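Got the viewer open? Let's walk through this one selection at a time, starting with a single chain and then moving on to where it meets a neighbour.

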Amino acid sequence: MTEPLLEVRNLQIAFRSRRNARPVVPVEEVGFDIAPGERVGLVGESGSGKSLTALAVMGLIHRVGGELGPETSIKLGGDELLAKNERAMRWIRGGRIAMIFQDPLSSLNPVLKIGRQVVEALELHRPDLEAREMKDVAIDLLDQVHLPRPDRLMDSHPHQLSGGMRQRVMIAIALAGNPELLIADEPTTALDVTIQAEVLDLLYELGEARKLAVLLITHDLSIIAGFTHRVLVMYGGRLVEQAATNDLYTEPRHPYTGLLLRSIPPLEQTEDRLIAITGSPPEPLERPDGCGFSPRCPFVRDPLCTTQRPPLVALDAATASTATSRATACLRVHEIDLSELAPEPASTSREARTTVDDDVLVEVVRLSKTFKVNGKGLIGHEMVAAVDEVSLEVKRGEVLGIVGESGSGKSTLARCMLHLIAPSGGKVRVEGEDLSALGPRALRRMRLQMQMIFQDPGSSLDPRMRVGRILTEPLRIHGLWGRPGYDEAALDDLLELVQLPSNSLDRFPHEFSGGQRQRIAIARALVARPALLVCDEPVSALDVSVRSSILNLLADLRDEFGLTMVFIAHDLSLVRFLCDRIGVMHQGRLVEIESAEELFSNPRHQHTRELLASQPVPDPVIEQERRDLRRRLAQSAE
Amino acid sequence: MARYLIGRIAQFVIVIGGALLITFLALHLVADPAILGLPVGTPQEAVDAFNEKHGFNDDLLTQFGRFLGDAVRGDFGDSLWLGGDALGHVFDRLPATLMLTVPAVLGGGLLGVTLGSISARRPESGLANGLNVFSYSVISIAEFWLAIMLVLVFAVNITWLPTAGYDPKPQVMILPILVLSLRPFAQNFQLTQATMSAEYGKPYVLAARAKGLSEGQVARRHVLRNVAVPVVTLLLFELGRVFVGTAIIVEIVFAWPGIGRLAANALFQGDVFLVQAVVVVAALATASLNLLADLFYFAIDPRTRHLVGVKER
Amino acid sequence: MSGRLLGELYRRPIIVAAMTVVIALVASSILVPLISDLDASAPRLSKRLEAPSWAGGDGGLLGTDSLGRDLLLRIMLGMRTSFAVGAFAALMGAVVGTLVGLISGYFGGVVDAVLMRLTDIELAFPGILLVMVLVRALDRGVIALVIVLGSISWMLYARVVRSAVLTLRTTELVTATTGLGATTPRILFVHVLPNVAAAAVSLMAVTFAAMMLAEASLSFIGFGVQPPDISLGSILSSGRDYLSTSWWISTFSGLFLLLGVLSTNLIGSWLQRVTDPLSIHTGS
Ligand code: SF4
């Protein structure tokens with residue numbers, strides 16, 4: 001066995017503040033190895049401590065106000081990093097360990113040219129280079145990350161580049177010091193799926209070609225499936241599972257990993273309901289005693305799990321070290337069978353879903369919306385069509401999915417459909433009424449029939465109103481509040497329907513978790529019993545482990561009430577789960593609209609195929625195949 | 001780029017025009033130049049003759065047109081109080097004011113920037129806390145009172161320094177400059193500290209550290225360049241504010257013959273022409289400084305060179 | 001919300017102190033003239049320039065001025081003017097500015113463009129000089145002063161409220177409320193206004209302090225409050241001629257002004273920090 005490149009032992013990160021006597025400990029007892037050239041995935045939700053772990057390895061934890069525990073040890077190539085002084089660490093940072101970040105725009109200095117920022121890294125870590133050689137080396141680096149016209153890019157500023165290009169620049173900067181380890185902290189989260197696939201493919205290729213070890217940190221189990229050799233799963237500040245990638249996906253052993261994997265809607269077939277994880281991930285200050293996952297675990301056993309901290313132990317008792325072998329932190333790992341997991345049935349008894357009527361509820365005819373860009377005033381601006389002559393129909397009881405990447409116009413389409421922004425051309429008919437022809441009063445009245453929920457429930461709910469007031473506001477606006485069927489009892493039913501605690505009415509939105517806030521938003525949309533519900537990316541701002549329960553709720557609404565929905569998303573697996581028909585938007589146009597079945601099995605438009613090929617799935621074998629497919633697609637495009 | 005410049009210069013003209021209009025309306029519509037300028041009890045014939053002589057009987061539009069036309073040529077009429085060209089009087093007093101304001105703002109401001117950037121890097125230190133309290137006190141202090149107290153201590157009680165008077169020597173100028181420099185110091189200190197600590201929280205700083213830069217390099221090469229825009233804007237803005245604001249009071253307390261004291265006296269005397277001349281010079285000065293700040297912003301921040309703004313979503 | 005504010009206060013004794021000072025100053029500026037049997041304006045030539053009693057003079061707590069009038073009483077009346085002018089000017093600015101900012105931020109377009117130009121003019125305009133010209137033109141007096149100060153401060157509110165509204169517009173609150181079918185006035189006053197009011201209120205404390213200073217400065221150079229009305233600025237000015245002999249006149253009037261302004265400034269900047277609308281959104 002080769003010497004590990006990186007050895008982390010007993011990593012503990014604490015934050016002290018004046019406010020709290022007790023320090024907050026977001027990361028505890030974390031230990032792992034990375035071998036030279038090995039790609040390791042570190043998976044966790046927000047607040048799991050995964051990014052802090054990366055900062056600790058970089059020796060930057062004190063810069064964010066944290067401190068390491070006394071027993072913590074971080075070794076690089078056998079050398080203890082914590083024993084090194086700041087000067088020596090600076091040499092290692094960017095030299096032997098490099099790092100790239102989530103948001104490539106804000107990670108680049110906005111006022112400095114790209115060339116300057118690449119050369120700066122060379123100046124720091126390549127003393128072997130003469131000053132005049134550096135420019136050529138920098139251009140070469142930009143070329144290695146497949147940036148077009150690297151010589152011209154040198155004189156550009158970050159804001160002139162697209163998101164994917166900026167991340168490539170970041171990678172080029174990271175490569176400047178010829179590092180042995182690259183830490184990539186959510187490197188593709190801010191990018192579209194097709195760009196995400198490109199960046200991951202680039203990292204993969206670089207890792208192979210340069211024998212570069214990569215620690216890829218992410219919240220998304222799907223994107224690392226075809227990328228890494230090994231996966232570490234973090235929950236509540238601790239490692240809960242460690243496995244070779246293939247083993248993890250075929251046979252997860254920790255309940256959290258198992259649930260997470262099974263809660264991702266599959267691309268190949270439709271399912272009625274998803275496996276959902278109750279509750280939401282714990283805040284660092286409110287972590288439970290015993291197993292961190294115990295409040296949400298379906299296998300929890302009192303008092304075993306609630307009093308005893310499960311250590312990370314090797315599953316195969318013969319291996320003493322847990323540093324690389326398969327290991328799990330669950331007290332009941334040998335007793336439980338994760339394949340028993342099944343989705344909970346719907347909350348109320350449910351009839352077989354009524355088939356979609358032929359009756360058209362929404363009719364969109366050549367709808368367009370253009371925006372002015374480049375300068376104000378009358379001169380010198382250009383018009384850009386965000387939505388370009390889109391026509392579609394939504395039948396009563398149907399769920400129509402609209403997918404597209406950022407800037408494809410899908411959100412603008414949703415808002416224009418409801419006349420939340422005035423379209424520049426075309427018509428929208430809802431229940432036969434032409435919305436543009438309605439006066440302001442009639443349009444407001446019409447809004448009772450068509451409701452919308454948004455991506456960020458935190459900002460679509462009035463922060464200064466209690467939930468009770470938020471829920472009754474639509475009724476008050478239309479003078480319905482207090483009429484029969486619109487009273488306190490109806491509110492209680494509504495809370496039950498969206499599974500919010502019955503004491504929610506007197507609380508403010510900020511007292512709820514993200515998933516619960518989205519439930520409030522859904523309840524508000526339903527309170528006046530609309531015929532149409534438009535959902536704009538309703539789960540993309542939520543933690544992965546709470547997404548599936550919201551999706552289940554929407555599926556229940558669809559099935560129980562025959563609610564007609566338009567569901568906007570960038571994630572194909574979500575629309576696959578929920579929608580009868582799917583439209584694909586690209587550059588303002590609706591390029592394809594088909595039944596879900598047909599679209600997935602037989603995509604016609606080139607862009608649909610690209611999207612499908614880039615959509616990550618939590619399966620290492622498929623992901624490898626897709627990488628090959630993408631390579632072929634790219635070659636055929638050239 | 002050209003479009004931006006044209007727009008910005010148009011704005012400059014509008015601003016100056018607006019200042020002229022407000023002053024003109026205040027003096028001619030709200031008040032009556034004759035009542036302002038002539039002693040109480042002046043016989044009616046004298047008032048009529050005064051109005052006739054200066055054209056105050058014409059309708060306002062004509063007067064304003066004439067005023068604008070003359071102003072463009074640099075003619076603001078003769079001072080009623082001092083006689084002679086009104087603008088000439090203003091320019092005579094200009095050096096005295098600049099002598100105080102420029103060193104005060106630059107000195108105080110730059111010290112504020114320096115200490116602010118040090119405090120931003122050590123936000124919990126005693127120095128940072130002390131300077132914070134100090135800057136709040138300074139902003140809350142009435143300059144005229146401070147000036148008087150300084151005179152009381154240094155000139156009256158221990159007679160180190162003269163109480164007042166015009167003499168461009170360091171010991172005479174030190175007290176007024178000190179008083180004038182405090183607020184620019186405090187404002188720049190607070191702004192630098194706030195923007196720098198905000199800047200330190202941004203991802204590019206973390207990325208710069210991850211590259212292996214030392215803290216000094218991070219501050220000099222990356223952070224300072226990004227806070228330069230608001231800091232320089234404030235410095236120029238303060239220069240304008242002190243030049244036409246605080247200087248008036250300090251010049252009065254220290255009997256310093258700058259344009260601030262000239263303006264106050266012109267107003268007391270009801271010298272319409274002199275007041276108009278002072279206001280225009282002051283407005284020109286502040287508007288030019290603002291323009292300068294914008295151009296600086298334009299020069300240093302590459303994002304402004306490609307103003308791509310989507311108007312609606 | 002209020003519980004959060006109280007908790008904040010507990011950790012900031014200096015703000016509690018500042019609040020106490022402001023309350024004490026307001027109370028005594030109302031009570032002292034009521035209780036006192038002295039006349040604030042009538043000269044008492046026998047008692048000219050008496051030092052405070054604790055400094056060996058016969059001038060009461062804070063001494064007397066050049067006409068023998070009790071300085072404590074005059075300073076309290078001066079404080080009253082300061083507070084009144086500050087409060088009314090700040091209130092006037094707040095009401096007008098908040099409305100304009102709300103409308104201009106929400107609707108944008110021409111209203112917004114005009115407002116922004118107006119604010120630019122104000123920024124480029126020699127503030128105090130403009131006030132002096134206007135006060136002179138309006139023939140002095142406290143009312144004129146309030147109107148002039150109020151009319152220059154509304155633009156600051158307009159700017160702040162406008163940018164708060166613009167920030168709010170980037171969130172989905174407005175779109176979501178429109179989607180419920182709310183009328184524009186309802187969106188503006190029921191949903192937007194309460195969320196930007198905090199910005200305006202904390203700005204009020206800061207402008208209040210600035211207005212107090214401005215009033216004193218103007219009165220000091222003779223453009224503000226005129227006798228028989230009393231201002232800290234004019235008391236201070238009257239003490240300048242006796243600086244070498246009767247230091248207490250200028251010293252105490254300025255000291256009280258400093259106390260009032262510093263306390264309000266501290267409260268204002270604290271309010272600005274704790275009511276930042278973004279901190280509400282992030283919750284916790
Ligand atoms: S230790 Fe208990 S609560 Fe924790 S994951 Fe295992 S079974 Fe679930």
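Start by selecting chain B and switching to cartoon: you should find twelve helices and zero strands. Trace the chain from the N terminus and the elements read α-α-α-α-α-α-α-α-α-α-α-α. Keep in mind that this is a predicted model.

Stay on chain B and colour by burial. Of its 313 residues, 54% are buried. Now turn on contacts: among those in chain B with a separation of 6 or more, 74% link residues 24 or more positions apart. Then switch to a surface view, where chain B shows about 13500 Å² of accessible surface, with carbon and sulfur atoms holding 66% of it.

Next, bring chain C into the selection. Here 48 residues of chain B are in contact with 42 residues of chain C. Together the two chains bury about 3800 Å², and 80% of that lies on carbon and sulfur atoms. Looking for charge pairs? The count of salt bridges between chain C and chain B is zero. As for polar contacts, three residue pairs across this interface qualify, with both residues at pLDDT 80 or more.

Now hide chain B and look at the side of chain C that touches it. The elements giving two or more residues there are α4 (109-124), α5 (127-137), α8 (184-220), α9 (232-239) and α10 (248-274) of chain C. Highlight α10(C), which gives the most, with eleven residues.

Last stop: colour that side of chain C by residue type. You'll get 27 nonpolar, nine polar and six charged residues.

Conventions:
Residues are numbered from 1 along each chain as its sequence is written. Chains are lettered from A and ligands numbered from 1 in the order in which they are written. This is a predicted model: local features need pLDDT of at least 70, side-chain atom pairs count only at pLDDT 80 or more; totals for chains, interfaces and linings use all residues. Side-chain values use heavy atoms; hydrogens and water are left out. Helices (H or I, at least four residues) and strands (E, at least two) are DSSP runs, numbered from the N terminus. Buried means under 20% relative accessible area, exposed over 50%, partly exposed in between (1.4 Å probe, protein chains only). Contact means heavy atoms within 4.5 Å. Accessible areas come from the Shrake-Rupley method with a 1.4 Å probe; for residues, only the protein chains shown count as cover. Buried area is the accessible area (1.4 Å probe) that two parts lose on being put together, summed over both. A salt bridge is a side-chain nitrogen of Lys or Arg within 4 Å of a carboxyl oxygen of Asp or Glu. A polar contact is a pair of N or O atoms within 3.5 Å; within protein, one must be able to donate a hydrogen and the other to accept it, and residues adjacent in sequence count only if both atoms are side-chain atoms. Ala, Val, Leu, Ile, Met, Phe, Trp, Tyr, Cys and Pro count as nonpolar, Asp, Glu, Lys and Arg as charged, and the others, Gly among them, as polar.
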